[in-house]
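Me: Please show the sequence and structure, so that the pockets, the cavity and the ligand site can be discussed in turn.

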Amino acid sequence: MKNERSPAGPSTLLTILFLFLAVGCTDNQMNQDQAVIAKQSFGQTPEGVSVDLYTMTNANGLEVRAITYGGIIVSVRVPDAAGQLEDVVLGYDSLNGYLEQNPYFGAIIGRYGNRIDEGRFAIDGETYQLATNNGSNHLHGGVKGFDKVVWDATPVDTKNGVSLVFTYTSPDGEEGYPGTLQARVTYTLTNDDDLMFDYEATTDRETPVNLTQHTYFNLAGDGEGDILGHELMINADAFTPVDETLIPLGEIRPVENTPFDFRQPMPIGSRIGDDSKQLRRGPGYDHNFVLNRNEAGADSLVLAARVTEPTSGRVMEVYTTEPGLQFYSGNFLDGSIAGKNGVVYEYRTGFCLETQHYPDSPNQPNFPSTILRPGERYFTRTVYSFSVEGG
Ligand code: GLA
């Protein structure tokens, strides 16, 4: 993140020259040194609800496109070391793809990102049964999670970029969750090449909340093969090992001397085939990392991960206020999906870095609590920060 960096201001003379040259330009051309946001239609759901597509472009030409269905990020165009812009996320060209079969490409995940054992938990002695949609477990909000609802969206200009504010009211009992939840997720694209997510929620009854974002990245470019050559650093001394159904065992296990040690940058593929019970369960990486937050308070951002893609020089850093990070290496992609431009998404051609509280927290007394109570305000922030190296 480059918060300190402020956009270079052109000298007065240059400004006058620019204004002179700009006479007769269209609005868009006039705005090229500022971030802009534009809206267009992206079709309709089978129920006849209109879905909009918003295109956010920053002063450096980075572009993020997101739709109101699931808050799905459909493309992220960022430069490589030579300045070549390319789309670095997986997805579909049209709404139908997302409606028919979506392994959470690009989507907002809620109310609870990741798994809850048997979809069951108790709060204050009362037991709740959620929808189960992953074997006998609850995954990513259930059968119709926040990734499959149409959100309201409002574009907002900010000092150093543009924002898109998504809001959704999740009714009491939705997917089995107690209480009405007012959710608000703000995407901000800054002129420092940061894509920031602010997650907020309030409730009228105690309920678990664990909101995240499920964009799949391939920093070489969407469709440019597998992601095993990406070099990954995860700022975590420990992870939460899982059982056969990917529910945490409850243990916080050191990464030292395991294939889960990403404290020094390592190619994703360098140990993914190791003979490890945990990797066999993934199969591959599909685990929650316990981030090193040291003294950082729950409201401060820490560096969670850094990914570099050697052939393009693209770099993505992840900062978050969350205690955990799910690293998923695209193990369930199997070539059955044809996405954007007809690209077939083969095994491990995208990865996700989902900032979160730990999976199954409502059933794990030693994990940080995910229960939101009336009168409290849920707030978490995550930043994906783009840059380049080499070139
Ligand atoms: C998450 C889960 C994975 C898988 C993907 C979507 O990352 O942890 O197990 O469900 O979402 O396929």
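Reply: On a 1 Å grid over the protein atoms alone, a pocket is an open set of points with protein on both sides within 12 Å along at least five of seven lines, a cavity is a set where a 1.4 Å probe fits but cannot get out, and lining residues have an atom within 4 Å of a point. A molecule sits in one of these if more than half of its atoms lie within 2 Å of its grid points. The model is predicted: local features need pLDDT of at least 70, side-chain atom pairs count only at pLDDT 80 or more, and totals for chains, interfaces and linings use all residues. Residues are numbered from 1 along each chain as its sequence is written, and side-chain values use heavy atoms, without hydrogens and water.

Me: Where does the ligand sit?

Reply: The lining of the pocket in question comprises 26 residues, with Pro-103, Tyr-104, Leu-139, Tyr-216 and Phe-332 nearest its centre. Its volume, the space filled by probe spheres set on grid points joined across faces, edges and corners, is about 420 Å³. The ligand occupies this site, the largest pocket.

Me: Which residues come nearest the ligand?

Reply: The shell around the ligand holds 13 residues, each with a heavy atom within 4 Å of it. They divide into seven nonpolar, three polar and three charged. Those that come nearest are Arg-115, His-140, His-214, Asp-286 and Glu-354.

Me: What distance separates an oxygen atom of the ligand from an N or O atom in the side chain of Asp-286?

Reply: A polar contact here is a pair of N or O atoms within 3.5 Å. For Arg-115 a side-chain N or O atom is 2.6 Å from a ligand oxygen, and for His-214 the value is 2.7 Å. For Asp-286 it is 2.3 Å.

Me: Which element gives the most to the lining of the second largest pocket?

Reply: The second largest pocket holds about 250 Å³ of space. Of its 16 lining residues, His-357, Ser-369, Tyr-378, Phe-379 and Thr-380 are the closest to its centre. Two strands (DSSP runs of E, at least two residues, numbered from the N terminus) give two or more residues each, β26 (371-372) and β27 (378-388). With three residues, the element that gives the most is β27.

Me: How many cavities of 30 Å³ or more does the structure hold?

Reply: The largest cavity has about 30 Å³ of space. Its lining includes Arg-111, Lys-144, Glu-174 and Glu-175. The number of cavities of 30 Å³ or more is one.

How values were computed:
Polar contact = N/O pair within 3.5 Å; in protein donor to acceptor, adjacent residues only side chain to side chain. Nonpolar A, V, L, I, M, F, W, Y, C, P; charged D, E, K, R; others polar. Helix = DSSP H or I, 4+ residues; strand = E, 2+ residues; numbered from the N terminus.
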